[in-house]
Structures are given as structure tokens and as C-alpha cells.
Amino acid sequence: MIREKALRKIIISLSCLFILGILYLFPDKDQYIKSNVISTNKDTNIVYLKDSNDYISRVSTILTSTNKEDKIKEIINILTIDSNKYIRDGFKKIIPKNTKVLNISIIDKLVKINFSKEILNVDLNNEEKMLESIVYSLTSIEGIDYVSIYVEGNLLNKLPNSKKRLNTILDRSIGINKEFNIVDINDTTKTTIYYLSKYDEYYYYVPVTKISNEDISKIEIIIKELSSNKMLNTNLISYLNSNTELLSYNETDRSLLLNFNEGILNDITTNNILEEVTYSINLSIRDNYDIDEVLYYVNDNIVSTFSLK
């Protein structure tokens, strides 16, 4: 009898160890997405690299530098082809090889960065993507909102191949991975929306700037696009339910209040919204609105609040 009890305990213990081993080897998919996409490590920074689908994509990286100027140099090194900086599999650097940063000047929230002439060796298909990669990467540094690009001391006021004119001061209003759906060049709306994408088991965000003539607000465009079924034939992902409706919204005191129907909920019994949903919406809002926080309501009842700082 005692021997049978001992044997039963051994079997139970081995079973528990086996289950724990399975959970360790095959972690929960949703938790894996969150741990890869939403990092709280204070040493991480964001860079924008070209992915396997030719999108300029938001990728987390570790920087060793602490002050702004050194961070800028390190980020440019990460973006430069054939540099000694490691990047994740599935992504490509985009600044032409042998490009050097000659000097940097930071004035308030503007960084003036002077490159060597090798940066002009970028090809026609990548010159606009390179500009987006530089501007979005550098403005991911806290306290940097604007970028001016110089080459050998001369302001870059047009792209080297297409000769497209550039503003002297650049920010995220230039757009990224631009998609056009316009019938009239007047009265256009430019809205940047963040989708999830995946390479192997790594999840990351892809911003897409939609340029259209839609006569609705940017937040309405964000929710409409993220809840759309039009992404089924693309490599972009959104977890926002297609039944989601934005019932009302209000911008006040640097806050944006969003009131949804229950379609936004992952679990109607707990008023739970998927973290991947709120993160896509919050990133999109941060690129389109100058606000500090987003408040989520469902049928006029507060569900959650997020700081965008």
C-alpha cells in the first residue's frame, strides 16, 4: 500500500514536470506577441528598418549610448549597410555603405545631421524609404521631433534620384509606407496607422500612411482601417474585430476619449481589450494627435486609460 502511494506521487511529480517542460518549450502565443512587441526595458530604443515585404518597420533594439548625440550616431550605424551593428533576421539596412556622420547639432527638439556624400548613392527605389527610416528612427529618441539632413555641409533639399523637393525641416508628417487613395489632389487627409506583422516568431509593427480624400476625422480612419477585412491578402495584421464601432470620441485637455461598442472587447464578461489592439490604436494616435493619454470606454463605461508619454 505504502509502495503504491509512493509510486503514485512519483508519477504525479513526473507528469507535472513534463507539463511544465511543454509550457516552457511552447509558450502561449499571445504572451509571446506581447513580450516581443511591448518591451518595457529602459535600454531599448526603436529603429525603422526595411522588412522582408519592403515595408519600413518598427523594430526594437538595444542601444549602448546614453546621451542624444551618441544615440543618433549609433542608430545611423544600425541603419547603414555593411556596418558592424547586428540587426534581426528578416530586416535590411537601408543607408548606403560607407556613409559617415560628419557632425551633429541639436537645437531644442531639432537635430541637424551632416552626412558624407556616400548617402547620395541610394537607388531610386529606396531613396524615399531611406528618408522615412532616418526621420522615424531619430524622432523615436525622446526629445527629438524634427530632423534636418545635410550632405557635406549642404542642406539636402531634394532627393538625389527623383529630385523630389524636401522641406528644410522634416518630421513624421512626411509619412511612411505611403498608400494613395485619392481622386483629387486637394483636401487630402494623411493618416498613419500601425499594423502588426510577423517574421518567423518575431512580431513587430508596420506604420502605413494612408492618403485619401475621406471627409472624416483621423481617429475614425484609424478605427475603420484597423477593423477592415482588406488586409486579408497582405502581410499586415490587426486584431481589431470587424464588428467594432467607434460610437463617439472627444479630444479635451490633451486627452482623447474613445467610446466603442462591445465589438472592441476580447472578453465581454471582463471588459478586456486585447493589448495588441490598444497598442496599434495608441501608436496610431500618437503619430496623428498631439495628446498625452487615451481613455477607452465601452458603451459610455470607462474600461482603461493609457499614457502616450
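# Briefing: salt bridges, two sheets and their helices

A search of the whole structure finds 15 salt bridges. The model is a predicted one. The points below cover a selection of these charged pairs, then two open sheets, one with strand order 11-12-13-14 and one with strand order 4-5-6-7, along with helices that pack on them.

**Salt bridges**

- Lys85 and Glu74 join through their side chains in a salt bridge, with an N to O distance of 3.0 Å. Glu74 belongs to helix 3 (68-79) and Lys85 to the loop between helix 3 and strand 3 (91-92), so the pair ties together parts that are eleven residues apart in sequence.
- The two partners differ in burial class: Lys85 counts as partly exposed because its relative accessibility is 25%, whereas Glu74 has a relative accessible area of 6% and is buried.
- A salt bridge also connects the side chains of Glu225 and Lys210, at 3.6 Å from N to O. Glu225 lies in helix 5 and Lys210 in strand 10 (residues 202-212), so this pair links distant parts of the chain, 15 residues apart. Both Glu225 and Lys210 are buried.
- Lys309 pairs with Asp292, and the closest N and O atoms of this salt bridge are 3.4 Å apart. Here the segment after strand 14, which holds Lys309, is linked to the loop between helix 6 and strand 13, which holds Asp292; the two residues are 17 residues apart. Lys309 counts as exposed, at 77% relative accessibility.
- A network of salt bridges links Glu128, Glu132, Lys164 and Lys178.

**Sheet with strands 11 to 14**

- This open sheet has four strands in the order 11-12-13-14, with mixed pairing. Strand 11 (246-252) and strand 14 (301-307) are at the edges and have a single partner strand each, so one side of each lacks a neighbour in the sheet. From one strand to the next, the twist averages 15°.
- Strand 12 (residues 255-260) and strand 13 (residues 293-298) run parallel and are joined by six bridges. Phe260 stands opposite Val298 in strand 13.

**Helices 5 and 6**

- Helix 6 (residues 275-288) packs on the sheet and touches strand 12, strand 13 and strand 14; its direction makes about 135° with that of strand 13.
- Helix 5 (residues 218-226) lies across strand 11 and strand 12, at about 140° to strand 11.
- The axes of helix 5 and helix 6 come within 10 Å and cross at roughly 150°. The crossing of helix 5 past helix 6 is right-handed.
- On the helix 5 side of this contact are Lys218, Ile219, Ile222, Ile223 and Leu226, which meet Ser280, Ile281, Ser284, Ile285 and Asn288 of helix 6. The contact comprises six nonpolar, three polar and one charged residues.

**Sheet with strands 4 to 7**

- Four strands make up this open sheet, in the order 4-5-6-7, and the pairing is mixed. Its edges are strand 4 (101-107) and strand 7 (154-155), each with a single partner strand, so one side of each is left without a neighbour in the sheet.
- Two bridges join strand 6 (residues 146-151) and strand 7, which run antiparallel. In this pairing, Val151 stands opposite Asn154 in strand 7.
- Helix 3 lies across strand 4 and strand 5 (110-115), at about 140° to strand 4. Helix 4 (residues 127-138) packs on the sheet, touching strand 5 and strand 6, and its direction makes about 135° with that of strand 6.

Notes. Residues numbered from 1 in each chain as written. Predicted model: local features only at pLDDT ≥ 70, side-chain atom pairs only at ≥ 80, totals over all residues. Heavy atoms only, no water. Pairing = 2+ DSSP bridges. Axes fitted to C-alpha atoms, helices over the stretch in contact; angles between N-to-C directions. Contact = heavy atoms within 4.5 Å. Left-handed = near helix turned anticlockwise from the far one by under 90°. Nonpolar A, V, L, I, M, F, W, Y, C, P; charged D, E, K, R; others polar. Salt bridge = Lys/Arg side-chain N within 4 Å of Asp/Glu carboxyl O. Buried < 20%, exposed > 50% of the residue type's maximum accessible area, 1.4 Å probe, protein only.
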